[in-house]
Amino acid sequence: MTGDPNNPVKVVDFPSDEVFLGLYGNRVKAENKDRYMRILKLRAGGATLNETAREFEITRERVRQIEAKFIRLLQRHYSSSATAWG
């Protein structure tokens with residue numbers, strides 16, 4: 001990553017492949033899976049929109065859209081899981 005070497009951004013182990021594939025299913029092309037996973041891991045690890053956008057040579061808005069979609073899918077998944085157990 002091209003960020004500040006004195007303030008490295010950590011990459012976390014979330015989301016797992018199983019969680020990602022379970023939520024996205026066929027909604028994401030296979031060739032984008034690894035890229036989306038890396039974007040989400042960087043953001044979960046504290047990377048800013050600017051840092052993540054620079055890393056992948058995309059706009060901050062596109063990073064935000066990818067993250068927002070994942071959050072919506074998580075919310076939908078957990079709200080439907082809660083009602084199934086309720």
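## Around helix H3 and its neighbours

Right after H3 comes Glu57, with a positive phi near 55 degrees. That catches the eye since Glu57 is not a glycine. Most residues other than glycine have a negative phi, and most peptide bonds are trans. Glu57 sits in the loop between helix H3 (49–56) and helix H4 (60–85). Helices here are DSSP runs of H or I with at least four residues, strands are E runs of at least two, and both are numbered from the N terminus. With 74% relative accessibility, Glu57 counts as exposed. The cut-offs are under 20% relative accessible area for buried, over 50% for exposed, and partly exposed in between (1.4 Å probe, protein chains only).

A word on what you're looking at: this is a predicted model, where local features need pLDDT of at least 70, side-chain atom pairs count only at pLDDT 80 or more, and totals for chains, interfaces and linings use all residues. Residues are numbered from 1 along each chain as its sequence is written, and side-chain values use heavy atoms, with hydrogens and water left out.

Now the overall picture. The protein has 4 helices and 0 strands, so the pattern along the sequence reads α-α-α-α. Of its 86 residues, 28% are buried. The exposed surface comes to about 6000 Å², with 49% of it supplied by carbon and sulfur atoms; areas come from the Shrake-Rupley method with a 1.4 Å probe, and for residues only the protein chains shown count as cover. Take the contacts (heavy atoms within 4.5 Å) with a separation of 6 or more: 59% of them join residues 24 or more positions apart.

Back to H3, whose buried residues are Glu51, Thr52, Ala53 and Phe56. Thr52 belongs to this helix and counts as buried at 0% relative accessibility. Its side chain reaches the backbone oxygen of Thr48 at 2.9 Å.

Ala53 and Phe56 also turn up in the largest nonpolar core, an 11-residue set that further includes Tyr36, Ile39, Leu40, Leu42, Ala47, Val63, Ile66, Phe70 and Leu74. Helix H2 (30–44), H3 and H4 each put in at least two residues. Such a core is a set of buried Ala, Val, Leu, Ile, Met, Phe, Trp, Tyr and Cys residues joined through side-chain atoms within 4.5 Å.

On to charges: there are 2 salt bridges, each being a side-chain nitrogen of Lys or Arg within 4 Å of a carboxyl oxygen of Asp or Glu.

| Salt bridge | N to O distance |
|---|---|
| Arg43 and Glu67 | 3.0 Å |
| Glu61 and Arg64 | 2.6 Å |

The pair of Arg43 and Glu67 links distant parts of the chain, since Arg43 is in helix H2 and Glu67 in helix H4, 24 residues apart. Glu61 and Arg64 are 3 residues apart in helix H4, so about one helical turn separates them. In an α-helix there are 3.6 residues a turn, so residues three or four places apart point the same way.

How buried or exposed are these partners? Glu61 counts as partly exposed at 39% relative accessibility, and Arg64 as partly exposed at 38%. Glu67, at 19%, counts as buried.

What does Glu67 touch, apart from its neighbours within four places in sequence? Leu40, Arg43 and Leu49 are its contacts. Glu67 and Leu49 are 18 residues apart along the chain, and their C-alpha atoms are separated by 10.0 Å.

How values were computed
A polar contact is a pair of N or O atoms within 3.5 Å; within protein, one must be able to donate a hydrogen and the other to accept it, and residues adjacent in sequence count only if both atoms are side-chain atoms.
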